[in-house]
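Open the model in your viewer and keep the selection panel at hand. The tour goes from the inside outwards and ends at the start of the chain.

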Amino acid sequence: MPYYTAMLHMVDPKKNTEVRPRHIEYLDELDKKGKIFARGPFLDGSGGLVVYIADSLEEALSLAEDDPHIVEGARRLELKEWQVV
């Protein structure tokens with residue numbers, strides 16, 4: 001199954017703090033469904049990374065765009081297919 005990296009670039013740190021609980025809850029649910037390979041923040045505060053497990057780019061994009069950080073404009077999404085070696 002393909003992997004997709006979602007780079008979540010920080011846009012609004014204040015809004016990010018407000019949205020974070022919904023973001024974590026959203027990812028926890030996807031993790032339970034086996035849709036998350038890895039996730040976590042960048043230590044420099046510039047955003048974070050989620051590695052999705054999805055059947056297609058379209059599915060990964062849908063999962064990433066439904067993240068509350070993206071929906072509410074706290075972060076900007078950059079999505080790329082990723083190969084595990």
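**The core**

Select Ala6, Leu27, Leu30, Val50 and Tyr52: these have the most contacts inside the largest nonpolar core, which has 15 residues. Such a core is a set of buried Ala, Val, Leu, Ile, Met, Phe, Trp, Tyr and Cys residues joined through side-chain atoms within 4.5 Å. Buried means under 20% relative accessible area, exposed means over 50%, and partly exposed lies in between (1.4 Å probe, protein chains only). Now colour by element: strand 1, helix 1, strand 3 and helix 2 (57-65) each give two or more residues to this core. Helices (H or I, at least four residues) and strands (E, at least two) are DSSP runs, numbered from the N terminus.

Before moving on, note that this is a predicted model: local features need pLDDT of at least 70, side-chain atom pairs count only at pLDDT 80 or more, and totals for chains, interfaces and linings use all residues. Residues are numbered from 1 along each chain as its sequence is written, and side-chain values use heavy atoms, with hydrogens and water left out.

**Strand 3 and its partners**

Select residues 47-53, which make up strand 3. Is this strand enclosed or not, and why? Strand 3 is largely enclosed by the rest of the structure, because 6 of its 7 residues are buried.

Add strand 1. It runs antiparallel to strand 3, joined by 7 bridges. Strands pair if DSSP finds at least two bridges between them. Then add strand 2 (residues 36-41), also antiparallel to strand 3, with 5 bridges.

Zoom in on valine 50. Its bridge partner in strand 1 is alanine 6. Opposite valine 50 in strand 2 is arginine 39. Beyond residues up to four places away in sequence, valine 50 touches Tyr4, Thr5, Ala6, Leu8, Leu27, Ile36, Ala38 and Arg39; contact means heavy atoms within 4.5 Å. Move to leucine 49, which stands opposite glycine 40.

Follow the hairpin of strands 2 and 3. There are 5 residues between them, and glycine 45 in the turn has a positive phi of about 80°.

**The largest pocket**

Select Arg20, His23, Gly40, Pro41 and Arg75. Of the 18 residues lining the largest pocket, these are the closest to its centre. Its volume is about 230 Å³. On a 1 Å grid over the protein atoms alone, a pocket is an open set of points where a 1.4 Å probe fits, with protein on both sides within 12 Å along at least five of seven lines; lining residues have an atom within 4 Å of a point. Grid points are joined across faces, edges and corners, and the volume is the space filled by probe spheres set on them.

Helix 1 gives the largest share of the lining, 5 residues. Strand 1 (3-10), helix 1 (13-32), strand 2 and strand 3 each supply at least two.

**The start of the chain**

Finish at methionine 1, in the segment before strand 1. It counts as exposed, at 60% relative accessibility. Beyond four places in sequence, methionine 1 contacts Ile53, Ala54 and Asp55. Its C-alpha atom is 6.1 Å from that of aspartate 55, 54 residues apart along the chain.

Step to proline 2, partly exposed at 27%. The C-alpha atoms of proline 2 and glutamine 83 are separated by 7.5 Å, though 81 residues apart along the chain.
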